[in-house]
Amino acid sequence: MRPSSRSLARPRWRRLTASRVRSEQGQLNCELRFTTFAEPGARRSPQSGKQERELGAIMQQALEVAVRVELFPKSVVDVHALVIQDDGGALAAVLSAASLALADAGVEMFDLVAACCCSVSRAQRSSPSDDS
């Protein structure tokens with residue numbers, strides 16, 4: 001994924017309603033969206049898909065352990081990511097960018113989240129004994 005543009009807004013603290021308050025800790029909400037033209041080939045549907053929800057949940061799991069939510073009682077920190085171009089590795093790029101954006105915005109964290117992607121190829125190899 002090539003970086004095209006980025007936007008950073010300071011955190012907005014949203015108070016939870018009395019029915020949603022379960023503890024003195026804050027909450028972290030993550031949302032990951034793709035533009036309709038993000039991937040090469042066929043265009044995506046503009047509606048939120050199952051893959052976006054799954055990747056958003058993975059993003060939330062990865063960031064929750066790093067953000068010190070106990071310092072934001074009864075508050076919510078929202079993290080929204082929009083993927084403009086996806087050539088592969090979008091989740092790793094989003095996780096790294098979101099972690100850096102939270103740190104830049106002054107949100108206290110235990111540590112930064114680092115992410116990478118890899119690929120496993122099942123191509124056949126010739127064994128050394130086949131070279132005879």
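Two strands count as paired if DSSP finds at least two bridges between them. Helices (H or I, at least four residues) and strands (E, at least two) are themselves DSSP runs, numbered from the N terminus. The model is a predicted one, in which local features need pLDDT of at least 70 and side-chain atom pairs count only at pLDDT 80 or more, while totals for chains, interfaces and linings use all residues. Residues are numbered from 1 along each chain as its sequence is written, and side-chain values use heavy atoms, with hydrogens and water left out.

Strand 2 is a handy place to start. It pairs with strand 3 in the parallel sense, over eight bridges. Within this pairing, Phe-34 stands opposite Val-83 of strand 3. Burial is judged by relative accessible area: under 20% is buried, over 50% is exposed, and anything in between is partly exposed (1.4 Å probe, protein chains only). On that scale the side chains of strand 2 alternate, with Leu-28, Cys-30, Leu-32 and Phe-34 buried on one face. Gln-27, Asn-29, Glu-31 and Arg-33 point to the other face and are not buried.

Just past the strand, the loop between strand 2 and helix 1 holds Thr-35. Thr-35 is buried, at a relative accessible area of 13%. A polar atom of its side chain sits 3.2 Å from the backbone oxygen of Ile-84. A polar contact here is a pair of N or O atoms within 3.5 Å; within protein, one must be able to donate a hydrogen and the other to accept it, and residues adjacent in sequence count only if both atoms are side-chain atoms.

On to the charged residues. Side chains of opposite charge can pair when their charged atoms come close. With a salt bridge taken as a side-chain nitrogen of Lys or Arg within 4 Å of a carboxyl oxygen of Asp or Glu, the structure holds four of them. One joins Glu-52 to Arg-33, with the closest N and O atoms 3.5 Å apart. Glu-52 lies in helix 1 (residues 50–64) and Arg-33 in strand 2 (residues 27–34), so this pair ties together parts that are 19 residues apart in sequence. Glu-52 is buried, with only 3% relative accessible area, whereas Arg-33 is partly exposed at 27%.

Arg-68 turns up in two salt bridges, among them one with Glu-70, where the closest N and O atoms are 3.1 Å apart. Both partners are partly exposed: Arg-68 at 25% relative accessibility and Glu-70 at 33%. Arg-68 also meets Glu-108 in a salt bridge (3.6 Å, N to O). That pair links distant parts of the chain, 40 residues apart: Arg-68 is in the loop between helix 1 and strand 3 (75–83), and Glu-108 is in the segment after helix 2 (90–104). Glu-108 is partly exposed as well, at 42%. Elsewhere, salt bridges with shared partners join Glu-31, Arg-33 and Glu-52 into one network.

What about the cysteines? The count is zero disulfides, a disulfide being a pair of cysteine sulfur atoms within 2.5 Å. For Cys-117, the closest cysteine sulfur is that of Cys-116, and at 6.8 Å it is too far for a bond. Cys-118 is in no disulfide either, its nearest cysteine sulfur, again in Cys-116, being 6.4 Å away. Cys-117 is exposed, with a relative accessible area of 54%, and Cys-118 is exposed at 72%.
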